[in-house]
Structures are given as structure tokens and as C-alpha cells.
Amino acid sequence: MEEATGRRSNLPIRSEREREQYRSSMLQCIFLLSDSGEVMLEKQLTGHRVDRSICAWFWDQADSFKSLPVIASPTHYLFQIVRDGITFLACTQVEMPPLMAIEFLCRVADVLSDYLGGLNEDLVKDNFIIVYELLDEMIDNGFPLTTEPNILREMIAPPNLVSKMLSVVTGNASNIYGEVQMSSQLTGFPDLTLSFANPSVLEDMRFHPCVRFRPWESHQVLSFVPPDGQFKLMSYRVKKLKNTPLYVKPQITSDSGTCRVSVLVGIRSDPGKTIESITFSFQLPHCVSSADLSSNHGTVTILSNKTCTWTIGRIPSDKTPCLSGTLALETGLERLHVYPTFKVGFKIMGIALSGLRIEKLDLKTIPPRLYKGFRAQTRSGEFDVRL
Amino acid sequence: MFNQFGSTAETLSKASAAVLRIGTDAHLYDDPEDVNIAPLLDSKFESEKCEALKRLLALIAQGFDVSNFFPQVVKNVASQSSEVKKLVYLYLLHYAEKRPNEALLSINYFQKDLGDPNPLVRAWALRTMAGIRLHVIAPLALAAVGKCARDPAVYVRKCAANALPKLHDLRLEEHAPAIEELVGILLNDHSPGVVGAAAAAFTSICPNNFSLIGKNYKKLCQILPDVEEWGQILLIGTLLRYVVARHGLVRESLMLSLHGLESNGFYEKDGLVRDKGDGDKSDSFDANLVSLVSKSYIEGPDEYLSRSNGVDTVAASFDSKETTSIGDNEDVKILLQCTSPLLWSNNSAVVLAAAGVQWIMAPLEDVKKIVKPLLFLLRSSTASKYVVLCNILVFAKAVPSLFAPHFEDFFICSSDAYQVKAHKLEMLSLIATTSSISSILREFEDYIKDPDRRFAADTVAAIGLCAKRLPEIPTACLNGLLALVRQESFAGDLELVDGEAGVLVQAVMSIQTIIERDPLSHEKVIIQLFRSLDSVKVAAARATIIWMVGVYCSLGHIIPKMLTTITKYLAWSFKSEASETKLQILNTAAKVLISAEVEDFQMLKKIVLYVLELGECDLNYDVRDRTRFLKKMLSYKLACHEPAEDSVASQENIAEHVVEHVFGRKLKPFSPLNLHNRFYLPGSLSQIVLHAAPGYEPLPKPCSFVFEEHDQLSDSDRQREAMSGLNGSQESSETVDEDGSSEYDSESYNGSDLSSDGDERNDATDSADPLIQFSDIAVSTDQEELRSKRALDLWLDEESSTSNQTPSALDRNQSSYAKISIGDIGSRVKPKSYTLLDPGNGNGVKIDYTFLSEVSTVSPLHVCVEVLFQNSSTEPIVEVSLEDEEAMNVSDSAEQTLVGKANASYNNVPTLIPMEELSCLEPGQSAKRLIQVRFHHHLLPMRLSLHYNGKKVPVKLRPDLGYLVKPFSITIEEFLATESRLPGMFEYSRRCTFTDHIKDTRMENGKDKFLTICESITLKVLSNSNLHLVSVDLPVASTLEDATGLRLRFSSKILSSEIPLLITITVQGKCNEDLNLTVKINCEETVFGLNLLNRIANFMVETSSSAI
């Protein structure tokens, strides 16, 4: 707290007159940085040019400071988000809602990864013209202009490498966070009404801008005119999930410099459909010098950054998947005193763990050749298992 | 050491990506300069231009300066391909400020695009034009924005709103009212998309012009849910500020809870969980903090904190006149209603902004509805999670009970960033209650095992805070913490593991915080800690424990008995301690000695003396200093034999008092109200960085804005009027468009000089309304741009046919003009003379110069200048001459490029053909000399040195643009043909007024009025520039009094480049009144042309003293 206050004196803008001078623009510049800190792209947004040396300053900061989403540098305020190794950095010199900048950067990242079919250094560099065009359309004079992906798509043609992923509901151990994704290909201005069989399970929600608030307030129905294409109609939260569908039983014992690890994974309560793509990962503690882990089902990989990933897939009917092995501790350490947190990922097709059910979808004007369909899917969100 | 874990996945993905890159723009990014870019830009193929531009953008992306390509790139703005155009725009915006002269080249092209039927093209043109940010074009850009603000397409209007801050950025005071007016119009737009952008413009241009909001307040509230998310964020803030400025804060709100309501009653009445165990003390602490928060919002924390200087004035209440009640205030009610559904928005910034309004304005019992939406935001991206947490922390500090039931939402995920974890911990320790603390502690126990030891240390600190807040639970905590201390100290060689020490230190400090509340009942804990001293190896932790020995040395019964042993141990270990621990040992030794019991005193004295001796020879000077200081202070103690022995000397008494005061003082409880709490408005950047960011403004002063109904009425009337006027003009422009016909005044477009439009204003029905003026310009601009080249031809044909229909009128006019003849008028032409040196500076020498229309004999680049020397002194002046100050052949290369390439062959010719020296100039005598000058640049003066009487005086010879051209004699047909080849970006015009003829007409009453006007205009033009008069056209259906449509054409060639330059002057207005002239120039040298245009417009306005 003190540190940030002290830094204030470095800001060059002091007098009222100068304040006035800087007020007219919000974001001044956006930089895209690769995972090695190289500036891949700069987009100046206003007349107050920002020198790219700010990126070098930013990159040289200590990690804990650098990872802050909002940073007060000696000359500018920086906002950043990191997506797939790419840092999106935006600069301003004036008061503005920081969440606005962050949300906007997230939106840019979403749109880019949608356009480029993913995000990485090469994709950005290869399609830098499209990135420039998108940025130019998405923000004007530091204020967001067109950010709705469907409209952007009409203005700027995407390159021919688009792959998509559909996710409907994701769940989390004690809370379920869910999304209703909608894909609409209707002509004209279709007026839709979506109602839930059990809206009371919803704890809290967020709506796409096309959803009208009043009908929801009065009858808990979603009334909206969908934009063309795919979009997130709403997201919601359901509290108090009684049980996770999987159980994980990790055991770690350590003695005289070595650690025995065994982890069992099984189905706790059968959701009625197959649980797919089960993965299991954890970070080996720093004090582990080498590891020897194997499993009776699936594959185990350990990366150089000490992340251990166990890909299980589906749980076989005949046996319980088990990961076992030993870890060697660094010399001088007798026992393990820190324990890793295990992250579990899974997916269930065709069912929403939240129990939220869509009752019906009505259209005011029924076009010919109408196809309505629902698909549900559950994916693990933050499923942490601790010892 | 971890090589065995190395994975090839990364390299594999890189390789596959490389394969995929074929067919993209990858090669352009990687090697933008592997081909020569310049020729590509001039290519006739769009695809090659495109490639060149992409290469340039790649270089920009990589941080290279490629502004030297600017002139070549700008040329391509005329491209038909929208891809090329877009790329040019991107380039242009990046460099326009650096190369203003060349950027001007593109302006006309934008003007043309503004009339494009495709709204996207119109919007691009507007965005780029406003984005160029040159003062010169600001009036043009403002007119364009004014026009686009009324565009039928929403997107264009939105871009117009976005363009306003760009213009405002140029700080042109004279345009400020017009810009604010436009903001008002756009705020009143019926499309939500436009209103959002207008709200952003409002925020950045005139955030305190509340009358603009007042007019539309209800409408803005209604439209708010439909506004785009980004606009919503700012509009919410604007509406909140407006309501506070107009009505003040709400009496029922949390902000004023201290003053209006019994705060204690509120908590119970509304069923918000209140921690009864905390008692009244903590409750009032909340109220104080809330009051601090609300004061900070209104006054800004820096000001408020510096003034109030503490808690005392916190309770000062608001003036009741400056508050309002939700019950009877419609505006507040609407604000709360329209913002509450936004709590469900998809955009976290909108939710936070809406929550901010509820937090400040909503009645107490409604504030809790912001809780769940805020908690939902914790699901969003890591970055926004952090910002949201920072804001929630403020809310929770003021009213912990709001979030207390939701403690589970602040449990930590392993994927959280460190800062988020730290904030969550702080949050948990803030909102823990007796019912939730057990689950929270269970979570904490897990966190302590986390591999991130810094986080583990923070957790331990949080446990201490929890235990401090909730006195019931310390026992459980203490045992855990003690176990931790023991475990940590046994966990092998701690130096090996990073951050491990931090956990231990925090554990000791947390224990200390708990003990501090009630040391007596924790005696055993203290003893346990002392016993663990030997195993604790971390210096900071040891120092804390040793400090505790000193503080609690007289506590209870057991500790005083242990003191001798502990002190012995400390003395024994002193040598091997770190400096910070040594300092604590010294302090503790002093404290122990002071409070020593009689039986231990002698022993302790010996030990302390030993420690002091050791300290005196320590390597660290801090330790040595401290030792000497203590030795001096304790000297009275060390000298006596019994602890209670009465000292006789008064001096010793004082020393004793000092020592008692320094070491024997009991600890004061730590003040809970931390003055480092700085509160800024929710959702602001300042709240995150904890200082007022530039541009941060607290809420306006309550009731500072007085709203006048009357004002509203008249304003809205005026606006309606303006809108109707606008609709009318739009219609008219459409009809003109359809007809394909054109009137004379279609040429009188371009309000480049708004200041000279005073007359036009008078013509308008409502003279006070500048809007009319805009729409007028807008219409004519429209016509100008809609006119394609073909339309121009058509128009020209039409015109010639009309002239054919009335040959008599034209003939008469032309023949009558022929009578005056150029030669005739030439004698009346009085070229303007300029002063080179006035007598004041030149000891009585006065030198004037006049540009001559003669063509130089030396080279086509030279201009003939007649210099008139006058001696107004009383003594003769000898040896007068003018010379070029700079070396003859040295000329700056940059300047040369601007003059053009055609003159390269004349580079060897000296810039000044010197004059014949004047040998002597008698008093009162004058002499003329001719010099020939080649100017480096058409705007920059030339430095000459004047020699006379053996002295040298520097003088500056300023070029007159009007004489950097030479007459170009062509026929009217040739003129029209040339003109048709120079449309669009090569054509620019300006308006000005002309008054010379009024004098003239009066003087020569008998003469034909039109003739007089033609004469005076021609005279004015030819007196100021070197042109050839091509023709004079008279309007067909003109009355005798109306000179509208009169047109004069002049032609010339630019001296340096021989490029033809055509000037057309069209007259508008009554013969006897001031005339409005539209001066139009067609020329390929756009920069020169524009400058000349300005020059002409300027001298036409000057009332000439030389009028006949």
C-alpha cells in the first residue's frame, strides 16, 4: 500500500492544466507481447504516443509486481491480461475504470483467438494485418467501438482457419458455474423466449446484452432477439452441489528423503452418463529432485517445470485407476512438509450437473425449416483436491 | 537437474506451426524489408500496393520508423480498393502528426469519402480525418463531425461521437462551445449505440456540464439498459454525478447512516448478521469508517485526510439541506431502478459501476443486493478478479456483515494469482464470524501446507488477524500456531527452502498478536515460545521472541523465575546472533534489569554487564551505538546494589524516569482505524493504485448544480428547431442529389473558415443558433462530395450551354471587361510593399521591398524583388548592399525536396543575385535596386545581411506566395479542361468576405455595379499575386443588385515546378453589401495550393488602403 502511494510522485502530470490536457483519451496504446517479452505489435490509439520502451520497463519488473493486472509505472498506468502466453498490455495516463480496460483486453483476446483459431506468437505474427484491422475496429480513440464478434465478422473477414468449441455447462466442486451458449441462424429479427423448468436453482446470473431485463425480473423467462451466430446467452451459478461425480484419494508418505505417492480416482455418484476426458495434474514441490511415477491406466507425463499430468480418459469398468511411485527429495530434507494441490478435470456429455433444465424455447414469428435443439455438457472448473 | 523431465511437446508444436504458416502474411512480418518497398507503393497493381503497405505495417509493428514513406503512401489514399484504403488509413493515423504537411494532402480525399453511400466508408473517413489531429484541419473536421452527427447510419453517428474527444484534444478554444453542443445533440440521439459513445465523449470533454444531462436525464435513464456495455460504464458514472450534484446524497443511504439513523438499530432490524461478540466498540468503528468513506467520495481522500488529520472530525455531519430522501425524489428513484438490472450484466465493469451507484445511493436495506453480483464477478478472468476483490475489500471494510455469510466464495483456488490469494486472505480475516471461523480455520490449515511459502506465511498472518478480531477462538489458533513453530523449526535446514523463514516469522508474530490481547491468560504460551528459542533459527523470529521476553518479563509468577536462565542463554548466544537479534537482546537486557526482582538483581546485573561489554566490541556500528547508549542510561542501575534502592541525586532520578518511560511502558493497543485507508470511488483506477490518478474527480459537491426548468425548455426548443432545420436540409440535399443538377453555390462548399461566416449566421432565421450554420455547410459539402468526376463534366457542359443561351449578357460583360484590359488595370495595380528594415532599427535607413511580376532573367526559380532604400537620417549613408547570409551553395536538403525536384538543374545558381552597391545615399534621398531571389521554401523567410557604413545587419526577406507563381496565359477552354483533370484531392476551397467594392461603388456611382465589383476583385488579386486573368462569367438570371454567381478565373504556374495552378473566385451576395467569396484552387501541388489558398483568402479580407 505504502509503496504504491510513494510512487505517485513520479507521475509527471501534476497541475490542473496538465490534467485537463490528458483527459480526452482513455486507453492510449495497446501492445501485444510474446512470452519472451518481445513486442509483437503496437497500436497507438491517440495523439499522445506511448513509447514502446514502457514494455521493456514492464518486462524487467519483478514477477510478483509484474503479474498485477493494474500497475502504476513511472509514466503510465498499465493494464494487462495474459492469454496463452501472450501479454496484452494497455496504457493510460488518466483515471478510467480499470475493469473496463481489462474487460476490453479480454474481449480482444477472445476475438483474436476466435479469428485466428487459437492464440500464440506465430499466429499473431502471421496474421498481424488482421490483428491490426480488428484492433482498429474494436477501439477508437481509446474507447471501445465494435466489440460484438458477430458484427466484427461482418466487417472483417476472418482467415480460413477457424475451429470452434462448444461448451454448455461447467461445474465446480461446491458451486456450479454454468453458461448457456446459443447458436442461432435465423433470418430477420426473431423474437425468442426461453424458459427454464426450474429457474429457482439459479443462484445468480449474467446476461448477454440482447436479453431484456424486465421479463426476467417478472417471470424468470429469457426474452431476447439473438444476434446471428454463436454467443453466450447467459451464465449462472448454482450453489451447494452435494457431491462431485468423482472421488480422488491421494496419499503421500515421506521418510528419510523419499516420498511414496499413490492416488486413486473413481466414480463417486454415477451421473447417468459417461465421465470423459479425466485428467489429473499437480505441481511437484520445489524440494523434489526427481520423480518416478507410473499408472495402471492412462499416461503420465512430467514436464520440465515440474508439472505432472496424468491423462486418464474414461474410467475403465474392471479396475480403479491408480497412480503410484516415489519422489526423491533434495539432499538434507528428511520429510516433505508441503503438499501439492491436485487439479482434476473431466467432462460429461449430455447432462448438466446443476440440474438446470430448459423447458421450452418459443418464437414469436415461426420461420420455415426451424430446427431447435439443446445439448448439455458438464466440464470441471476448479476442482482442487488437497491432502 | 530436471533434464529428465524435458519434453519435446513444445518443439513439436513449434514445428507444426511452422508448416501451417505457409500462405499467411508470415513472410511479410519476418522479413518486411527483403524487397524494395518504394517501387511497390507506386505500382499500378492494387495487390502490390497492398503488399507494400503490409510490409510497412509490419515495420511499424516491430517498432521501426517508416514515416519517410509518408508522401508515397498518402498518394494511395485515392485508391478504389477498400483494402488498400484501410491499410493507408492505418498507416496515416500512425504518422499524421509527424508529417502534417503531407497529411494535408489526404484531406480532400476524406471529404469526398464523407459523401460515400456506404456508411462504413463514411465512418472510416471521419475517423481518420479526426484522428489526424492537425490544428489546420480542425474546422474541416468539426464540420464533418457536425454533418456525421446527423447521418442516417447509427454507426456513422457513433463514430462522430467518438471523434469529438479527438477534436477536443486539439484545445481549440473557439470550437469548444460547438463541440459541447454536438455532445448534447448526440446524447439526445434515439439510438442507444450513439448515446453510449456520446456518454464517453461527455465524460472526457465536459464532465461537469450537468445542464446537458439535466435536459435528457429521464430519457438517459430509460435508454441505459439498451446502451452498449462500454457506454453503460461511463453513463452510469455520469448519471450518478449528476444526481449528487443536483440533489445531494440520500439520507436513508449507507453513506449518511451515521447521521440519519441509529446505526445499531439498522443492523439488527435488517437481519444482517452482526457479530454481537464484538460489542459496541467494533460497531462504532464501522460507522466511523463508513463516514470516512463517504467523506472521501465527496472530497477526495487526499484533501479530506490532510484536512481532518485524524478521526476527530469524522463525525462532522453533512448539511441537511444538501441531502435528499429517496421517498420524495423521483430522480434518485429512477437512477436506482435503471441501474439495478445492470447488476446482471455480462460485463464486470458494468456490474461494478452499477454496484457503485447502489452502494452510494441505495437505502441501507437495499445495499445487500450488490453482494451476489459482486461475488459472481469473482468467476471472471484473473485480472478482473483482482480488481473486483480490491473493491469488495473496501465494501467489506466498511460493512463486514455484508459479505460475512459468503465466506466460502473467498476460499482460495490453487490457480489464483498470488495477489488474488492475498486479497482473499485479507477478506476472510475481515469477515470471519464466530459461526464461520471454524471452517475458515480448517481452510487455513490446508493453505499452510501450500508449496508457495509466501502464501503460507500470509495465511499465518491472517490467522493472527482472525484471532484478534474474534476473542473466542484464540486457543485453537494458538495450539496450531505453536505446533507450526515447532514443526517449522524442525523442518531441517531451512535456508534451503525459499520463504520458509517467512512462515515461521509470521507464526511468531501471529502468536504475539493473540497474546497481546490478554497476556496474563496466555502465560503458558509465552513460556513455550521462550523454550523454543533454541530451536528457532530464523533471525527475525528470534528477534520477536526475544522482544517478547523483554515485554512480558514481569508477567505472572513463572516467567520472572525463568528470567535469569533466559538472560544467561541470551548472553551466551549473543556472539553468534544476527545484528537485528543482537539489538533485541540488548533492549531486552535493559528491560529485564529494570524490572528485576531483588533476589535476581545481582545475577542479572552481571549478565547484563557482560552483554554490554560484548556489544561494545561488536563489528556492527548500530549494535555498538545501541550498547553505549544503554550503558549510559542504565549507569544508575548498574551502579547500585539493590533494585529498589533509593537514589539520592536528582539527576539519577531523571534518568530513572526516562528509562522507565522508554522500557517500562506498557503496550498501547494498536489503533484499528488505519489512516492509510484511502477510499476512492468504487470501480475507479485510483482505488486500485491507491493514489488519485490524474483526472480522478471525487463526486461533485452535493447540490452544487442548480437546475433551471426554463433553461431546459428553451434548450430543447432550440434543439428541436435545429433538428427540424437539419431534416429540411437533408431533404434538400437529397433532392439535389437526385436531380444531378447543381447550382452555382454548390461550389461554395467547405466551411474551412468558420470565423468568417458571420454573415451567413445573419442569413439564418435564428441568429443565435450556430447549428444552422453547421447544417448549411454540411449540405454544401455533401453536394461537393457527391459530385463525381462525371457529374463535374456534366455540370461544366451545362454551364457552358447556359452561357450560350445568353450570349448577349456574357458578351457584354466580357467585352466591357476587355475595355478595361489587363494593361489598363495593370497601371492601377499597386503591389504591396513590405518592410525589410525600419528606420528605428537601422539608424534612419528605411528599406522596403516589393515583389515584381517580371520573370527573372537568371532562372525560372528566381523572383524579382524591388528594394527601395530611403535615408531618413541627417547624415549620408555609404556603401549600402544586400548579401546572402548563408553560404551560397549550401542549402538544406530537406528544404530542397520541398521545393521540388524540377529545380535540381538550377541548384548551382546562387540563391541571391546581389544588387548593385549603392555608393552613397544622401539624407532624404531614396534609391531603388533590383534583386533576384530564389527562396528555399515557400513559407520560410530568407536571411540576408545588409551592409552599410561598414556595418552588417541581419534582415529577413519573407516570401510572398502570390509571387512564387507566374502568369500562365491560357484560354477559357484550356482552363476548364485543366480544371476537370484536377478534381477531388487536388481541389480545395475557402470562403472569405470582401468589402473593397463598397467604397468603390459609392465613389463611382455612374459605373456598372458588376463591373466595379469585377474590377475591385481583380485589382485586389493582381495587387497581391502574379496571376493571369482568364475570364469573368456573369450569372444568368441575376437581378441588377444581386452579384451571386459572378465568377472570375485566374491561372498561373508554380515557379519552381511549372505545375499549373488554377484559381476560381465565385461571388455571392448583394452588390451593395459585403460579398461572400469562395476561392477555389485546383493544383497538383496540394501543399503549395493550400498555402496559397489561405494567403488569397487572407488578403481578400484585408481592407486595402490602396483602393482607388
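The lining of the second largest cavity comprises nine nonpolar, six polar and nine charged residues. The structure described here is a predicted model.

**The second largest cavity**

This cavity encloses about 310 Å³ of space. Its lining is formed by 24 residues, and those nearest the centre are A:Lys43, A:Gln44, A:Leu45, B:Leu93 and B:His94. On the side of chain A, the elements giving two or more residues to this lining are strand S2 (39-44), helix H7 (128-138) and strand S6 (139-140). In chain B, the corresponding elements are helix H4 (46-61), helix H6 (82-95) and helix H9 (119-131).

**The largest cavity**

The search yields 14 cavities of 30 Å³ or more, and the largest of them has a volume of about 670 Å³. Around the largest cavity stand 32 lining residues; A:Glu95, A:Pro97, B:Thr203, B:Gly237 and B:Arg241 lie nearest its centre. By class, the lining of the largest cavity divides into 20 nonpolar, eight polar and four charged residues.

Three helices of chain B, namely H13 (192-205), H15 (229-247) and H21 (348-361), each supply at least two residues of that lining. Of these, H15(B) provides the largest share, with seven residues.

The two cavities are set out below.

| Cavity | Volume | Lining residues | Nonpolar / polar / charged residues |
|---|---|---|---|
| Largest cavity | about 670 Å³ | 32 residues | 20 nonpolar, eight polar, four charged |
| Second largest cavity | about 310 Å³ | 24 residues | nine nonpolar, six polar, nine charged |

**Chain B as a whole**

Chain B contains 49 helices and 17 strands. Of its 1108 residues, 58% are buried. Where contacts in chain B link residues at least 6 apart in sequence, 71% of them join residues at least 24 apart. The exposed area of chain B is about 46,200 Å², of which carbon and sulfur atoms supply 53%.

**Helix H29 of chain B**

Helix H29 of chain B covers residues 500-517, 18 residues in total. From its first C-alpha to its last, H29(B) reaches 27 Å, which is close to the 26 Å expected at 1.5 Å a residue. Which residues of H29(B) are buried? They are B:Glu500, B:Val503, B:Leu504, B:Val505, B:Ala507, B:Val508, B:Ser510, B:Ile511, B:Gln512, B:Thr513, B:Ile514 and B:Ile515. The buried set thus includes the charged residue B:Glu500, as well as the polar residues B:Ser510, B:Gln512 and B:Thr513.

Definitions and conventions:
Residues are numbered from 1 along each chain as its sequence is written. Chains are lettered from A and ligands numbered from 1 in the order in which they are written. This is a predicted model: local features need pLDDT of at least 70, side-chain atom pairs count only at pLDDT 80 or more; totals for chains, interfaces and linings use all residues. Side-chain values use heavy atoms; hydrogens and water are left out. Helices (H or I, at least four residues) and strands (E, at least two) are DSSP runs, numbered from the N terminus. Buried means under 20% relative accessible area, exposed over 50%, partly exposed in between (1.4 Å probe, protein chains only). Contact means heavy atoms within 4.5 Å. Accessible areas come from the Shrake-Rupley method with a 1.4 Å probe; for residues, only the protein chains shown count as cover. The expected span of a helix is 1.5 Å times one less than its number of residues. On a 1 Å grid over the protein atoms alone, a cavity is a set of points where a 1.4 Å probe fits but cannot get out, and a pocket is an open set with protein on both sides within 12 Å along at least five of seven lines; lining residues have an atom within 4 Å of a point. Grid points are joined across faces, edges and corners, and a volume is the space filled by probe spheres set on the points.
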